[in-house]
There are 2 protein chains.
Amino acid sequence: MSEKVRLALDAMGGDFGPSVIIPGAEIALSRHRDLEFVLVGDERQILPLLAANPRVKAHAQIVHTDIAIRMDDKPSKALRYGRRVSSMWKVLDEVKFGRAAAAVSAGNTGALMAMAAFNLKTMNGVERPALAALWPTLRGESIALDMGASIGADAPALAIMAVMGAAMAQVVFDLERPTVGLLNIGVEEVKGLEFIREAGQILRDANLAGLDYKGFVESDDIGKGVVDVVVTEGFTGNIALKTAEGTARQIGEYLRGAMSRTWRSRLGYLLARTAFATLREKMDPRKSNGAVFLGLNGVVIKSHGGTDPLGFASAVDIAYDMARYDLQSKIRTMVDAYHALRAEPAPVSLEAAS
Amino acid sequence: MSEKVRLALDAMGGDFGPSVIIPGAEIALSRHRDLEFVLVGDERQILPLLAANPRVKAHAQIVHTDIAIRMDDKPSKALRYGRRVSSMWKVLDEVKFGRAAAAVSAGNTGALMAMAAFNLKTMNGVERPALAALWPTLRGESIALDMGASIGADAPALAIMAVMGAAMAQVVFDLERPTVGLLNIGVEEVKGLEFIREAGQILRDANLAGLDYKGFVESDDIGKGVVDVVVTEGFTGNIALKTAEGTARQIGEYLRGAMSRTWRSRLGYLLARTAFATLREKMDPRKSNGAVFLGLNGVVIKSHGGTDPLGFASAVDIAYDMARYDLQSKIRTMVDAYHALRAEPAPVSLEAAS
C-alpha cells in the first residue's frame with residue numbers, strides 16, 4: 001500500500017468553513033500518513049490556516065474558487081449559481097476525473113445530494129443513490145440506510161440498497177457476508193408495508209454470497225446491533241436517525257440536570273467523572289460523523305455541517321477507508337451479482353425455437 | 001363529580017394476565033377514589049387475587065369468560081376464536097353498551113386494534129382510528145400519533161388525526177388551543193412528502209379554534225417538546241416511537257456499564273444515587289404507559305403487554321382522565337367543526353339560480 005490516498009475536501013462546506021475543515025484534515029493526517037488532499041475553496045481563507053496545520057500544508061494542493069454554496073439554499077438554487085464553479089461541485093469533479101479517490105463535504109445536504117447525483121450520475125444498475133450512516137450500537141456499530149437521499153423507494157430499490165449496504169459493511173466491518181435486516185413495524189412475515197415484504201422476498205430468493213438476509217428488524221432493535229446493515233426507505237430512515245439523535249440529547253439533558261442538583265450528586269459526579277467521560281465518548285455524535293452516498297460513480301461523504309475538527313476528521317477517516325478498501329468495486333461486484341441472479345432467462349429466438 | 005367512573009379491564013391481557021392487572025387496578029384506585037371496575041376474564045384466576053387487593057374487591061364486578069386472546073396470534077385468528085366471547089372483545093362490549101366509560105387492555109396490539117375497530121366502529125366523520133401515545137419531553141409530555149393503528153394515511157387522514165390529537169391534548173394538558181406539528185424531514189414548506197405538505201395546507205386553511213397549527217417538526221424536535229401534538233402516518237410513528245425506546249435503553253446500558261467499572265465510579269454512583277433515581281424516573285417507560293385509540297365510538301386504552309402493576313396503573317389513569325374529562329365529546333366537537341369548515345358550499349338549486 002505505498003500509493004497515496006488522495007481526497008478532495010470542500011473547504012467551504014459546513015457552518016464554519018475552512019476553520020474546521022483544515023484542522024479536521026490535520027487530525028486525519030495524523031492517523032493516516034498515506035493521505036493527501038485537494039482543498040477546494042477560497043485560497044484567501046485557506047492559506048492563512050496552513051501555517052497552524054503543517055501536515056496539511058505539506059500534503060495538500062489548493063484548487064481555488066470564490067463560490068461557496070450557502071447552508072440554507074434550496075438545491076435548485078444552489079445548482080443555479082454553483083454548478084461547475086462552486087467548491088462543492090469542484091470536489092465532485094476531482095472524483096469524476098480521477099484526480100481524487102473520494103470527496104468530502106460538510107455543506108448543505110440537499111445541494112450535495114443534487115450535485116452528486118447530477119455530476120457523478122448513478123452507477124449502472126442503480127436507479128437512486130442512498131445515504132448510509134454509521135449507527136452506534138451496544139455491539140459496536142451498524143450501517144443504516146437510506147437516511148434521506150431518496151424518498152419513496154419501492155421493493156427493488158430497497159433490495160438494491162440492501163446490496164449496497166452489504167458492500168459497505170464488507171469494507172467498514174471487514175466481513176465476508178454481513179447480516180442485513182429490513183426495518184419494519186413487526187418481525188413477522190405478515191407485518192408492515194407490502195413493498196417491504198416484497199423486498200424481503202427478493203433478497204431471500206436472491207440469496208447472495210455477500211449478504212446474509214435476516215428478515216425484518218424493528219427500530220428498537222437497531223441500537224442492539226442485531227444486524228450489520230439496517231435498510232429502510234429514506235423518509236423513515238431520516239425520521240429514525242433524528243429520533244435517536246434527539247433522544248440521546250434529551251437523556252443527556254436529564255442526566256446533566258440530575259447530577260448538578262445537590263452537593264452529593266455533584267460530588268458523585270466528580271468521583272465518577274472518568275465514567276461520565278466514557279459515556280460521553282460512547283454517545284459522541286462526532287465519532288460516527290460522516291455519511292456515505294452509495295450508488296454513484298464515485299465516493300462522496302457528507303459530514304454534519306455543525307461539527308468540529310474532530311468530527312470532520314471522522315468523516316475524512318470514513319472517506320479514507322472507502323477509498324483504501326475500494327468500496328466502489330465491492331458495490332460493483334455485489335450489484336452485478338444481484339442483477340445476474342434477478343435477470344429473466346434470455347428469451348429463446350424464433351429461429352432457434354422453430 | 002359525584003358520579004363514579006367505571007372502567008372495563010381486560011383481566012387476561014398482557015404477558016402476566018390478572019397477576020399484573022388486579023394489583024395495577026389497586027394502585028389506580030388508591031389515586032382515584034371515584035373509580036370502579038368491570039373485570040373481564042377467568043374468575044378462577046381473578047378471585048384468588050382479590051383478597052390481596054381489597055380496594056379492587058370492594059369496587060369491582062367480574063364478568064367471567066374462559067377465552068383469552070393469546071399475545072402472539074394474528075388479528076384474523078384472534079377474531080376467529082375471540083369474537084363475542086373473549087375478554088378482549090367483552091371489555092369493548094362494556095363500552096359499546098354504555099356499561100363502562102372506557103376499556104383498558106394490555107393484550108395483543110393487533111388483535112385489540114382489529115376488535116376495537118370491528119366492535120366499536122369509527123366515529124361519524126372519521127375514516128380510520130389512530131393510536132396516540134404520551135411522549136416524554138424536556139418540557140413535560142407531548143402527544144404523538146399515529147403510533148401504528150393505521151398504515152398509509154393520506155392528507156385528509158393526517159388532518160383528522162391532528163384534530164383528534166388536539167382534542168386529546170385539551171383533555172390531558174388542559175389547554176384551550178394546543179399546538180400541533182406535522183412530522184417531516186425538514187421544517188421548510190417545500191420539504192418532505194407531498195401528502196404531508198397537503199395536510200399542512202388543510203390545517204392552515206381550516207384554522208380551527210381548538211388547534212394551533214405550527215407547521216412541520218423534525219423528529220429530533222419531539223423530545224424538546226416544541227409542540228403539544230406531533231402528527232405522523234402510522235408506520236413512521238411506530239418507527240419513531242420504538243427508535244426512541246431503543247435509544248433510551250441503549251443509553252441506560254452504557255450508563256450502567258460506565259458507572260460500575262471502577263471503585264471511584266461505583267462510589268460516585270452511591271453518592272449520586274438520588275440523582276440517578278430522578279433520572280430513572282424521568283426515563284421510566286411505565287410512567288407514560290397507556291396509548292389511546294382515537295376516533296372510535298368509545299374510549300379504548302392499550303397498555304404495554306410486558307408492564308408491571310405500576311405501569312398498568314398509568315394506563316388506567318389515562319383511561320380515567322379520558323372518561324372523566326370526556327374525551328369523546330371533545331373529539332366530536334373538533335371533528336364536527338373541522339368538517340363544517342371543510343364542507344363545500346351547499347350547491348345552489350336550479351330554481352333559486354334561475
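The following exchange covers helix packing and chain symmetry in a predicted model.

The model is predicted, with local features needing pLDDT of at least 70, side-chain atom pairs counting only at pLDDT 80 or more, and totals for chains, interfaces and linings using all residues. Residues are numbered from 1 along each chain as written, chains are lettered from A and ligands numbered from 1 in written order, and side-chain values use heavy atoms, without hydrogens and water.

Me: Why is helix 11 of chain A called roughly antiparallel to helix 9 of chain B?
Reply: The axes of helix 11 (residues 273–283) of chain A and helix 9 (residues 234–259) of chain B cross at roughly 150 degrees and come within 8 Å. Angles over 145 degrees count as roughly antiparallel, so the two helices earn that term.

Me: What makes up the contact of helix 11 of chain A with helix 9 of chain B?
Reply: The contact residues are 9 nonpolar, no polar and 1 charged (Ala, Val, Leu, Ile, Met, Phe, Trp, Tyr, Cys and Pro count as nonpolar; Asp, Glu, Lys and Arg as charged; the others, Gly among them, as polar). Among them are Phe276(A) and Leu279(A) on one side and Tyr254(B) and Leu255(B) on the other.

Me: How do you know that the two copies are related as by a two-fold rotation axis?
Reply: Chain A is laid on chain B by a turn of 180 degrees and a shift of 0.0 Å along the axis, with an RMSD of 0.1 Å. The copies are therefore related as by a two-fold axis. Gly268(A) is the residue of chain A closest to that axis, at 1.9 Å (C-alpha).

Me: Why are the copies said to meet through the same surface?
Reply: Because 100% of the interface residues of chain A are also interface residues in chain B.

Methods
Axes are lines fitted to C-alpha atoms, for helices over the stretch in contact, and angles run from 0 to 180 degrees between N-to-C directions. Helices (H or I, at least four residues) and strands (E, at least two) are DSSP runs, numbered from the N terminus. Angles under 35 degrees count as roughly parallel, over 145 as roughly antiparallel, 65 to 115 as roughly perpendicular and the rest as oblique. Contact means heavy atoms within 4.5 Å. Copies are superposed by least squares on the C-alpha atoms of residues with pLDDT of at least 70 in both.
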